[in-house]
Structure formats: structure tokens, C-alpha cells
Amino acid sequence: MKTSWRSASLVASAAAVLALTTACGQDGGAAAGGSQNVGATAAPGDLGAGSGDGVGTGAGAGQASASAPEPAGKLSVSANADLGELVTDGAGRTLYRFDADTAEPPKTTCENDCASTWPPVAADDAIAGEGIDEDLLGEVTRPDGTKQLTIGGWPAYRYAKDTSPGDVKGQGVGKKWYALAADGKKAKAEPAAGLSTRNDPKLGEIVVDKNGMTVYRFMKDEAWPKPVSACTGACLEKWPVVAPVEANDTKGVEKTGLMSFTRPDGAAQQTIDCWPIYTFAGDKKAGDTNGQGVGGTWYAVKPDGKPVGAPKK
């Protein structure tokens, strides 16, 4: 029987583990029994049961009752808007890890009532689907003798209150429970790029800032031979400037003419294709495009800096 990639101490045969500032118009550049690889068969045993919130370890929280771990099935990586990529089981349910557990060596501490709220994931049938490294899957023997799946050494659980595929109601519970990423770490979304793009159902692909707010151009501005903003004074209350963004902090935006300039008031402003860009105070949430076409002079921006839907001159 193979041993877990995380536990060399248990078995001697374990596997070793620009910012662009070019001129406008120019191109810019385990518990008892240890941890083992998934696939070894084991007789199902008892799981802890009870009521309780499941935040603690469950020690002394009640008597265990016979309940075989639910099979994991084919694991996969799913995207969550708030948490980024996380691991789900064959039924699409989110898998979690518990801070009171350990990964080196793998050890589970959630028993009895805790295991009722946070059912351990059985290791026997776990299959590494797309995005899952099979070498990071293992198993740990629980105190009741059952085999629990580990990911990156961390014992994996489901949350009883997640009733539908994709639910992440267990995230952050008791500041101890967190969705699992494919490497066994806590799932965490990568910070959004300073400038990126999204596909709007009406406007097509448009530029948005790090908060997902739509970016606009003012048709009275100038770009050549240098950026000039015609939005001053009260105008800036409705149309806040977009602060400078490093070129390597953008995604999907063309780099030519991607630069910043200093406004007469001393503030720095970002440009795309040398055109000054802004957000709109009338957009209250990410995805709003309330500034589109305002006054016949304000338009959302394409990835190449061109205004969306502006009248041709």
C-alpha cells in the first residue's frame, strides 16, 4: 500500500516530494494508521453523529453512530466568484479543511457531533478529475477506523448546510473552516487586475477597473500628441479619474499607449491608447453601464481604447 506524499517520516519509501511608458501612438512593448494514497480499500466504519455546531473537535460531544462516509467520486476544480478556484466532489459539493487538523502528518480532529455537521469525505473511490493532481490525494485513518480523503495532506470534509452544488456556506465558519484549493491550501481568489475586460451583453467586450466598474472615455478629451483631459471641476465629481495602473497589472487590455499622465491639478490619470479614462459615479455596482452615451460624449471603452458606440466623426 502506497504512503502519502506528505509523510516521509512515517514510511521511508514515500515520494520526494513594465509598466509601459511609451510615447502616445507608439507600440509598447495523520491520525493512527498514518496517511496513504487513495485507492486502498477499507471497511466502512462509524462516523460521529449528534447536533452541535461542529466548530469544535467534537471530543466528548456525543456517542458515534454507524454512518459510512459518503463517497467522493470524481473530484474537480470549480470557480467561485468570491473564493476563486476550489475543490468539489463528484456531486459538485464544496470540500473543506479544518484549522484544528494537521497536514504534516495528516491528522483529523473532527469527531462525534463535529463529524455530523462536517461529514468526512471517504477516500476509497476518490478520482482526480481535471485540475486535480493525483499525487496530492491521500488518505488518513480516522479514530473510528474509516479512511478519510486528504488533499495536500489536509483531511477533507463537506458541510451539512451546503444543500446544493456550488454552495459555500461553510466558508469561514468559526474562523476555522475553509474551502479547499486543489493544492490543499485555503481557497482564495486572486486579486482582480487593475484593469481587465468583461463581456457585456449589450456593449460587448469592455474595460473595467479592479472593482469591476465600467471604464469610460470623454469625447472632448485629446490623446495626441499628448493626453489632455477636458473633464475638470464639477465634472470630476461625476466622472472620477482612473488612477495609474502598472502594465503587468492588466488583463486583456492592449498595451499600446497604456500609460499615465499628470493632470493640471497634479493628479495622475491612466490612459488606454493614450486616451484618459474615468469611471462614473452613477454606476453603483460592478457591471453597471449607466454612463454609456451620457450627453453624447461619454462611452465605455474597448480593450484597444476605442469608444463603444460613439458616433463616427
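These legends go with a set of close-up views of one predicted model.

**Figure 1. The whole chain, for orientation.** Before zooming in, here's the overall tally: 20 strands and 2 helices in the chain. There are 313 residues, and 47% of them count as buried. The chain exposes about 15200 Å², with carbon and sulfur atoms supplying 51% of that area.

**Figure 2. A look into the largest pocket.** The largest pocket holds about 380 Å³ of space. Its lining takes in 18 residues, and those nearest the pocket centre are Pro-191, Ala-192, Ala-193, Ser-196 and Lys-251. Strands S4 (74–80), S14 (195–200) and S15 (204–209) are the elements that each give two or more residues to this lining. S14 is the top contributor, with 3 residues. As for chemistry, the lining of the largest pocket is a mix: 7 nonpolar residues, 6 polar and 5 charged.

**Figure 3. Leu-83 and its partners from farther along the chain.** Leu-83 sits in the loop between S4 and strand S5 (84–88). Loop or not, is Leu-83 buried or exposed? Leu-83 has a relative accessible area of 11%, and because the cut-off for buried is under 20%, it counts as buried. Set aside the neighbours within four places in sequence, and Leu-83 is in contact with Val-168, Gln-171, Ala-179, Ala-187, Lys-188 and Ala-189. Take Ala-189 from that list: 106 residues separate it from Leu-83 in sequence, yet their C-alpha atoms are 4.5 Å apart in space.

**Figure 4. Two nonpolar cores.** The largest nonpolar core has 15 residues, and the members touching the most others are Leu-75, Leu-95, Leu-149 and Ile-151. Another core, of 14 residues, lies apart from it and includes Leu-86, Val-173, Trp-177 and Ala-179. Ala-179 may ring a bell from the previous view, being one of the contacts of Leu-83.

**Figure 5. A pair of cis peptide bonds.** Most peptide bonds are trans, so the two shown here are worth a look. Glu-104 and Pro-105 are joined by a cis bond, with omega at about 0 degrees. Pro-105 belongs to the loop between strands S7 (102–103) and S8 (106–107). The other cis bond runs from Trp-224 to Pro-225, and omega is near 0 degrees there. Pro-225 is in the loop that goes from strand S16 (216–218) to helix H2 (235–238).

**Figure 6. Positive phi at Asn-112.** Most residues other than glycine have a negative phi. Asn-112 isn't a glycine, but its phi is positive, near 55 degrees. You'll find Asn-112 in the loop between S8 and helix H1 (113–117). Asn-112 is buried, with a relative accessible area of 13%.

**Figure 7. Positive phi at Lys-175.** Lys-175 has a positive phi too, near 55 degrees, again in a residue other than glycine. Where in the chain does Lys-175 lie? Look in the loop between strand S12 (154–155) and strand S13 (177–179). The relative accessible area of Lys-175 is 70%, and because anything over 50% counts as exposed, Lys-175 is exposed. Asn-112, by contrast, is buried.

Technical notes. Residues are numbered from 1 along each chain as its sequence is written. This is a predicted model: local features need pLDDT of at least 70, side-chain atom pairs count only at pLDDT 80 or more; totals for chains, interfaces and linings use all residues. Side-chain values use heavy atoms; hydrogens and water are left out. On a 1 Å grid over the protein atoms alone, a cavity is a set of points where a 1.4 Å probe fits but cannot get out, and a pocket is an open set with protein on both sides within 12 Å along at least five of seven lines; lining residues have an atom within 4 Å of a point. Grid points are joined across faces, edges and corners, and a volume is the space filled by probe spheres set on the points. Helices (H or I, at least four residues) and strands (E, at least two) are DSSP runs, numbered from the N terminus. Ala, Val, Leu, Ile, Met, Phe, Trp, Tyr, Cys and Pro count as nonpolar, Asp, Glu, Lys and Arg as charged, and the others, Gly among them, as polar. Buried means under 20% relative accessible area, exposed over 50%, partly exposed in between (1.4 Å probe, protein chains only). Contact means heavy atoms within 4.5 Å. Accessible areas come from the Shrake-Rupley method with a 1.4 Å probe; for residues, only the protein chains shown count as cover. A nonpolar core is a set of buried Ala, Val, Leu, Ile, Met, Phe, Trp, Tyr and Cys residues joined through side-chain atoms within 4.5 Å.
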